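Please open the model in your viewer and keep the sequence panel beside it. The tour below moves from the whole chain to single side chains, and each stop says what to select next.

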Amino acid sequence: MMTVSLCVVAYNEEQFLPNLLKDLENQTYPHDLTEIVLIDGNSKDNTKQIMTDFAKNANSFYSVQVLNNPQRIQAAGWNIAIENAKSDIIIRIDAHTHIPAEFTAKNMALQEKGEYVTGGVRPCLIDNPTPWKKTLLEVENSMFGSSVSKGRKNTESCYVKSMFHAAYRREVFEKAGNFNTKLLRTEDNEMHYRIREAGYKLYCDPDIVSYQYARSNFKKMVKQKYGNGYWIGLTLGICPGCISLFHLVPFVFVLGIVFTSILALFSFWYLAVAMWTLYALFVLTGTVCTILNKQANRWTFLMPALFLIMHISYGVGTLVGLVKMPFYRKRLSKR
């Protein structure tokens with residue numbers, strides 16, 4: 001049987017880290033074949049202490065490392081994990097995550113069968129559920145609020161372009177290289193693009209599930225969407241092949257708002273009516289699906305407006321990123 005390193009990079013994660021560490025302890029894959037690698041990005045809370053305490057008490061694993069990430073950014077932290085991990089397989093796990101007990105074992109079973117990069121689907125969940133937080137979760141998990149990426153909602157095993165919380169054979173990084181530390185939000189997309197270019201395939205099995213804690217504050221959720229869109233715009237100037245068409249849908253939507261609004265000023269209002277009618281059908285469908293799935297509450301009627309704000313935020317972020325992209329590329333070329 002192969003050995004595995006479960007790697008976690010964290011910064012100020014004292015709220016979520018304890019539960020994740022319990023998840024690691026509950027993994028059914030043999031602990032004597034499992035290493036834990038914890039990377040702290042100079043946290044200002046008790047994250048580092050939580051890691052240190054875990055390392056002192058987690059005696060069942062063959063190794064537990066607690067390492068520092070002075071750059072703080074995630075890509076740099078993952079590179080530290082890759083360079084220090086001792087196992088055959090390296091699994092990347094975000095700190096805002098819940099993983100079921102069979103998560104590692106299911107990945108390792110696929111690795112034993114000959115796959116080189118494996119993973120599964122990653123829906124979102126929330127802590128301390130309230131009706132408002134549940135509504136935000138429905139928006140995030142909906143294909144209208146998140147994406148149609150197979151890595152989120154795939155129902156059949158297949159090869160995909162990108163995945164969350166994936167397991168990699170060590171040789172994959174040796175051939176494709178480490179994470180690009182110049183990318184703050186799209187490092188996964190760029191890394192997986194290079195992995196595919198190196199000749200490897202990413203196998204997604206929907207039976208493997210990991211959960212990401214969604215932002216339970218709408219302001220933070222909107223800020224996150226803007227940041228995601230912003231880095232999509234910047235990344236287009238560095239690695240166009242890293243970006244899928246669905247990443248650009250909010251940007252096209254924002255352009256559509258501007259374009260049809262200008263035409264409407266000159267009495268060509270038909271396109272504006274058509275676009276907004278089509279959009280209304282999409283977001284209302286997402287809202288009705290929530291109701292049919294018996295997830296509705298008193299805040300559900302706000303979902304169309306929440307969808308709109310998130311889409312515009314993401315699209316505006318992409319627009320700003322594209323505007324700044326030439327200057328960003330010039331700055332990188334000087335390094």
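With the whole chain selected, the radius of gyration is 21 Å, which agrees with the value near 20 Å that a compact globule of 335 residues would have. This is a predicted model, and its C-alpha atoms fill a box of roughly 70 × 50 × 40 Å when the principal axes are used. If you colour by secondary structure, you should find 12 helices and 11 strands, and if you colour by accessibility, buried residues make up 51% of the 335.

Next, turn to the charged pairs. Side chains of opposite charge can pair when their charged atoms come close. A search of the whole structure finds six salt bridges, and a good place to begin is Arg92, which counts as buried because its relative accessibility is 7%, under the 20% limit. Select Arg92 together with Asp188, and the closest N and O atoms of this salt bridge are 2.2 Å apart. Arg92 belongs to strand S4 (residues 89-94) and Asp188 to helix H8 (residues 187-197), so the pair ties together parts that are 96 residues apart in sequence. Asp188 is itself buried, at a relative accessible area of 14%.

Now add Asp94, whose side chain also meets that of Arg92 in a salt bridge, here at 3.7 Å from N to O. Asp94 is buried as well, with a relative accessible area of 11%.

Which helices does the salt bridge between Glu140 and Lys225 tie together? Select both side chains, which meet at 3.2 Å, N to O. Glu140 lies in helix H5 (residues 131-141) and Lys225 in helix H9, so this pair links parts that are 85 residues apart in sequence. Both Glu140 and Lys225 are buried. Returning to the earlier stop, add Glu187 to your selection, since salt bridges that share partners join Arg92, Asp94, Glu187 and Asp188 into one network.

The next stop is on the surface, where Arg185, Arg215, Lys219, Lys220 and Lys223 gather in a patch of positive charge. Pick out Lys220, whose place is in helix H9 (residues 218-235), and which is exposed with a relative accessible area of 54%.

For a surface patch of another kind, select Val258, Ile262, Leu265, Phe266 and Phe268, which form a nonpolar patch with about 570 Å² of accessible area together. Leu265 is found in helix H10 and counts as exposed at 70% relative accessibility. While helix H10 (residues 249-265) is in view, select Leu255, which also lies there and is partly exposed at 39%. A distance label from Leu255 to Ile291 should read 31 Å, C-alpha to C-alpha, for two residues that are 36 apart in sequence. A second label, from Thr260 to Ala274, should read 9.6 Å between C-alpha atoms, across 14 residues of sequence. Ala274 lies in helix H11 (residues 270-292) and is partly exposed, with a relative accessible area of 44%.

Finally, inspect two backbone positions. Asn42, in the loop between strand S2 (34-40) and helix H2 (47-57), has a phi near 55°, a positive value in a residue other than glycine. Arg72, in the loop between strand S3 (63-68) and helix H3 (74-84), likewise is not a glycine, yet has a positive phi of about 75°. Asn42 is partly exposed, with a relative accessible area of 41%, and Arg72 is partly exposed at 41%.

Definitions and conventions
Residues numbered from 1 in each chain as written. Predicted model: local features only at pLDDT ≥ 70, side-chain atom pairs only at ≥ 80, totals over all residues. Heavy atoms only, no water. Patch = residues over 30% accessible without salt bridge, like charges linked within 9 Å, V, L, I, M, F, W, Y side chains within 5 Å. Areas by Shrake-Rupley, 256 points an atom, 1.4 Å probe, with all protein chains shown as cover. Salt bridge = Lys/Arg side-chain N within 4 Å of Asp/Glu carboxyl O. Lys, Arg positive; Asp, Glu negative; His and termini not counted. Charge placed at Lys NZ, Arg CZ, Asp CG, Glu CD. Helix = DSSP H or I, 4+ residues; strand = E, 2+ residues; numbered from the N terminus. Buried < 20%, exposed > 50% of the residue type's maximum accessible area, 1.4 Å probe, protein only. Rg over C-alpha atoms; globule rule 2.2 N^0.38 Å.
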